[in-house]
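Open your viewer and keep the selection tool ready. This tour goes from pocket to ligand and on to a second pocket.

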Amino acid sequence: MVLALYFHPLASFCHKVLIALYENETPFIGKVVDLADKDASASFLELWPLGKIPVLHDDDRDRTTPETTIIIEYLDQHYPGARPLLPSEEGQRLEARLWDRFFDLYVQVPVGKVVTDRLRADGEHDLRGVADAMSTLGAAYDMIERRMADRTWAVGERFGLADCAAAPALFYAGIVVPFPKTHARLAAYFDRLMDRASVKRTIAEARPYFHLFPYKDSIPTRFLQDEPAAD
Ligand SMILES: N[C@@H](CCC(=O)N[C@@H](CS)C(=O)NCC(=O)O)C(=O)O
């Protein structure tokens, strides 16, 4: 089996798939794509002309899979590990997909809008778009706060697909719009997510690239270095 993941260590959607891979210790070769470098990313664009990362290529099946949710379902089907990331029961599977979409579309996408707007040149800012994104993010925080009233993970009893989506989305969202003082259950869920070995590893690998993140000065100090090893 040779799985290749085209990704960037700082990119939040890539974190979602890295977490899934690390949860099951699935072997893969990482191919870093620098979308800012037109020449270097030309061969990647042949693979997936939309230019969105991550993308998974499976040599054994000669199959290229874009889109994080589909990649995780593909891994679950073809390279299952000790920790299935999708529930087997159909109703729960739908719920897993729903909350996966929720974290992608209503947390990750709006926070991406706010962050990328900061990188725009003067005169190119989209004030209305950013205000709408902030409003979506606020509504999403309130929904997560209600959702996490009586549960450990987003869906079912086990860490799964929706939690893979939630971890990076909330990591970046929490830097831009902190939630611990306003949303206690969301904050507790976030702490559980950040405690997963798969998530810690993903953040540690992103750390050398934090200086590229426009909100770098707001990253909580606990994420700036590895935890001291236990005695
Ligand atoms: N819906 C896609 C979103 C992927 C996505 O937007 N990736 C970002 C990186 S976090 C990207 O490629 N951005 C580059 C761009 O939009 O040009 C997925 O789930 O894979």
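Begin with the largest pocket, whose volume is about 1,100 Å³. Keep in mind that this is a predicted model.

**Stop 1: the largest pocket**

Select Ala11, Ser12, Phe13, Ile53 and Thr116. Of the 31 residues that line the largest pocket, these lie nearest its centre. Now colour two helices, H1 (12-23) and H4 (90-118). They are the elements that give two or more residues to this lining. Which helix gives the largest share? H4 does, with nine residues.

Next, colour the lining by class. You should find 19 nonpolar residues, seven polar and five charged.

**Stop 2: the ligand**

Stay where you are and show the ligand. The space it takes is the largest pocket. Select the residues around the ligand: Ala11, Ser12, Phe13, Leu35, Gly51, Lys52, Ile53, Glu67 and Thr68. By class, this shell has four nonpolar, three polar and two charged residues. Ala11, Ser12, Phe13 and Ile53 should look familiar: they were also among the residues nearest the pocket's centre.

**Stop 3: three contacts**

Zoom in on the ligand's nitrogen and oxygen atoms.

- Pick Ile53. One of its backbone N or O atoms lies 2.8 Å from a ligand nitrogen.
- Pick Glu67. Here a polar side-chain atom lies 2.7 Å from a nitrogen atom of the ligand.
- Pick Thr68. An N or O atom in its side chain is 2.6 Å from an oxygen atom of the ligand.

Now turn on the ligand's surface. How much of it does the protein bury? Alone, the ligand exposes 510 Å², and the protein buries 69% of that.

**Stop 4: the second largest pocket**

Leave the ligand and move along the chain. The second largest pocket has a volume of about 230 Å³. Select its lining in two steps. Take Asp191, Met194, Asp195, Lys200, Ile203 and Ala204 to start, then add Arg207, Arg222, Phe223, Gln225, Asp226 and Glu227.

Which helices should you colour here, as suppliers of at least two lining residues each? They are H7 (184-194) and H8 (197-206). H8 provides the largest share, three residues.

Colour this lining by class too. Seven residues are charged, four are nonpolar and one is polar. For contrast, go back to the largest pocket, where the lining has 19 nonpolar and five charged residues.

How values were computed:
Residues numbered from 1 in each chain as written. Predicted model: local features only at pLDDT ≥ 70, side-chain atom pairs only at ≥ 80, totals over all residues. Heavy atoms only, no water. 1 Å grid on protein atoms, 1.4 Å probe; cavity = no way out; pocket = protein on both sides within 12 Å on 5 of 7 lines; lining within 4 Å. Points joined across faces, edges and corners; volume = space filled by probe spheres on them. Helix = DSSP H or I, 4+ residues; strand = E, 2+ residues; numbered from the N terminus. Nonpolar A, V, L, I, M, F, W, Y, C, P; charged D, E, K, R; others polar. Near = heavy atom within 4 Å. Polar contact = N/O pair within 3.5 Å; in protein donor to acceptor, adjacent residues only side chain to side chain. Areas by Shrake-Rupley, 256 points an atom, 1.4 Å probe, with all protein chains shown as cover. Sits in = over half its atoms within 2 Å of the grid points.
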